[in-house]
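Let's take a walk through this protein together. Have the sequence and the 3D view ready, and follow along at your own pace.

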Amino acid sequence: MRTQVAIIGAGPAGLLLGQLLHKHGIDNIILERHTGEYVLSRIRAGVIEQVAVDLLDEAGVGARMHREGLVHDGTQICVDGVRHRIDFKALTGKTVMVYGQTEITKDLMDGRAAIGAPTVYGAQDVALHDFSSDQPRVTYRVDGQLHEIACDFIAGCDGSHGISRQSVPPAAISSYERIYPFGWLGLLSDTPPVSQELIYVRHQRGFALCSMRSPTRSRYYIQCSLDEEVEAWPDARFWDELKLRIDGEARVCLVTGPAIEKSIAPLRSFVAEPMRFGRLLLAGDAAHIVPPTGAKGLNLAASDVRYLSQALVEHYHEKSAAGLAHYSDRALARVWKAERFSWWLTTLLHALPGSAFDGKMQLAELDYLFGSRAAATAFAENYVGLPF
Ligand code: FAD
Ligand code: DHB
């Protein structure tokens, strides 16, 4: 088999890249380790920046998002029981879209099926070969049978535990990491959201987040310790703990119900540099991870894909190598800005074990955020997404 771009991973990064390349007449095959149902079962992101919305429109898969997604003009931050609002629209002129990653992935899968572009689900033992030469190859197995794809480029869109980054010789890559001493326990339920806007909660018992997927479906998170097991959190215990962290009005409005999904995610900041190794290009979580607090992970995956698809279009249609030469630097400049914001917001809102001074600094910083238009504007600009 031969294609122009072999894409590893059918998460949002791989699917979006495939769609944009196809639009520009560039052949691609996607190899995904899991089944499509499994990929859709992972409940993750919920907040989409305008630049990611624009890219989904450009890829031709934005129609349902515009019909069903919720446009949010601002967000709420609750500090020890008192709520404050940051008005994105007033401060930046921009808004964000609340629309689940599951729905985006489904729209991208449907878009790919409609154009008849190939995706191999259940691809095992994916291996990358010769990407430092002009003739890279990818091999994989389906039902035990070995297959090979010859290609011009390999796009590593296979998330943080994928094979693409691991295939790079260690001497060629530098990693920067921070592991936070806590995780998020998330619960999805078919109950109306507690508020029209997201509420980020800073509380002595730990961070909480009240989010949503639709007017009838809510997503809540609470900070938990790293050794916590989901089984130790029956629904009633989750709701009780959430109620202790939110403000009085939210406590009255909260509608509880059975969990449709519950899972624990550890929090990590991670960046691998560079993002290009010869004809292997990394994008999305394969190259970097942010703690979820700033809602930046999926948005960064989308912005990598924007730079990468443009670079490949320049390569094929304008015979220019400039976009590919600059891909890593351009993507990383944006990545580090999102890393900074996500690290800052995580440090600001979570209970940090051990330091009373750090707790006081959080309160002083939050006081500044709510009292200074400049600080609130900086928050809003980062949250809605910095311009390219
Ligand atoms: P992934 O979604 O991880 O996709 C990679 C794909 O590659 C997977 O399907 C995987 O099965 C496949 N794969 C892996 N290894 C192989 C292999 N060897 N061979 C073939 N295929 C392979 N981001 C936001 O922007 N906003 C939010 O509100 C937000 N909230 C979040 C909340 C939580 C609780 C979590 C955990 C994350 C959140 N994120 C958020 C982050 C966001 O979900 C990720 O950044 C996003 O999924 C990255 O997309 P990706 O395509 O790069 O990687
Ligand atoms: C969601 C997740 C986030 O990390 C965030 O900052 C906002 C919303 C969510 O899953 O809805």
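We'll start with a sheet, move on to the helices that pack on it, and finish with the aromatic rings.

Keep in mind that this is a predicted model. Its open sheet has eight strands, in the order 6-5-14-15-16-13-17-20, with mixed pairing. Strand 6 (82-87) and strand 20 (288-289) sit at the edges with a single partner strand each, so one side of each has no neighbour in the sheet. Further in, look at strand 13 (residues 174-189) and strand 17 (residues 259-273): they run antiparallel and are joined by 13 bridges. Leucine 188, for instance, stands opposite glutamate 261 in strand 17.

Now for the helices. Helix 11 (residues 322-349) lies across strands 5, 13, 14, 17 and 20, and runs at about 125 degrees to strand 17. Helix 13 (residues 373-384) packs on the sheet too, touching strands 5, 6 and 14, with its direction at about 70 degrees to that of strand 6.

On to the rings, which make 15 aromatic pairs. Take phenylalanine 153 and tyrosine 316: their planes are at 85 degrees and their centres 6.2 Å apart, so this pair is edge-to-face. Since phenylalanine 153 is in strand 12 and tyrosine 316 in helix 10, the pair ties together parts 163 residues apart in sequence. Phenylalanine 153 is buried, at 2% relative accessibility, and tyrosine 316 also counts as buried, at 12%.

Ring pairs also link up a cluster, including Trp184, Tyr200, Phe341 and Phe379. Finally, arginine 237 lies over the face of tryptophan 233, 3.7 Å from the ring centre.

Note on methods:
Residues are numbered from 1 along each chain as its sequence is written. Chains are lettered from A and ligands numbered from 1 in the order in which they are written. This is a predicted model: local features need pLDDT of at least 70, side-chain atom pairs count only at pLDDT 80 or more; totals for chains, interfaces and linings use all residues. Side-chain values use heavy atoms; hydrogens and water are left out. Two strands pair if DSSP finds at least two bridges between them. Helices (H or I, at least four residues) and strands (E, at least two) are DSSP runs, numbered from the N terminus. Contact means heavy atoms within 4.5 Å. Axes are lines fitted to C-alpha atoms, for helices over the stretch in contact, and angles run from 0 to 180 degrees between N-to-C directions. Rings of Phe, Tyr and Trp (its six-membered ring) pair if their centres lie within 6.5 Å; planes under 30 degrees apart count as stacked, over 60 as edge-to-face and the rest as tilted. Buried means under 20% relative accessible area, exposed over 50%, partly exposed in between (1.4 Å probe, protein chains only). A charge sits over a ring if NZ of Lys or CZ of Arg is within 6 Å of the ring centre and within 35 degrees of the ring normal.
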